Amino acid sequence: MKTTPNHLIHIGRPIPFDEDEFLEKLQELMRAAYSNEKDMKHRVAEVVDTYTPEEKKQPIAV
């Protein structure tokens, strides 16, 4: 993220990636989704580098 004179505004930069590899992984992810595969969070993490699957959801304190 790049800062601006207004510290509440930041400018993001696109993450470089291999488009052909991404589309291939996306096709596999779609196939797995339609087949109701159990390991979807792991599969999404393989496609989206910035995704970290939650292993367990923490209860919300009231």
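**Note on the predicted model: fold order, exposure and the largest pocket**

1. Read from the N terminus, the elements of the protein follow the order β-β-α-α, which is to say that two strands and two helices make up its secondary structure. The coordinates belong to a predicted model, and the points below should be read with that in mind.

2. On burial, 8% of the 62 residues of the protein count as buried, where buried stands for under 20% relative accessible area. The exposed surface of the protein comes to about 6200 Å², and 58% of that area is supplied by carbon and sulfur atoms.

3. On contacts, if one takes those in the protein between residues at least 6 apart in sequence, 7% of them join residues at least 24 apart.

4. The largest pocket has a volume of about 270 Å³. Two elements each give two or more residues to the lining of this pocket, namely α1 (19–34) and α2 (40–47), and α1 provides the largest share, with three residues.

5. Residue by residue, the lining of the largest pocket includes Ile15, Pro16, Phe17 and Asp18, then Glu21, Phe22 and Lys25, and further along the chain Glu46, Val47, Val48, Asp49 and Thr50.

6. As to the chemical character of that lining, its residues divide into six nonpolar, five charged and one polar; Phe22 and Val47 are among the residues that line the pocket and count as nonpolar, while Lys25 and Glu46, also in the lining, count as charged.

Conventions: Residues are numbered from 1 along each chain as its sequence is written. This is a predicted model: local features need pLDDT of at least 70, side-chain atom pairs count only at pLDDT 80 or more; totals for chains, interfaces and linings use all residues. Side-chain values use heavy atoms; hydrogens and water are left out. Helices (H or I, at least four residues) and strands (E, at least two) are DSSP runs, numbered from the N terminus. Buried means under 20% relative accessible area, exposed over 50%, partly exposed in between (1.4 Å probe, protein chains only). Contact means heavy atoms within 4.5 Å. Accessible areas come from the Shrake-Rupley method with a 1.4 Å probe; for residues, only the protein chains shown count as cover. On a 1 Å grid over the protein atoms alone, a cavity is a set of points where a 1.4 Å probe fits but cannot get out, and a pocket is an open set with protein on both sides within 12 Å along at least five of seven lines; lining residues have an atom within 4 Å of a point. Grid points are joined across faces, edges and corners, and a volume is the space filled by probe spheres set on the points.
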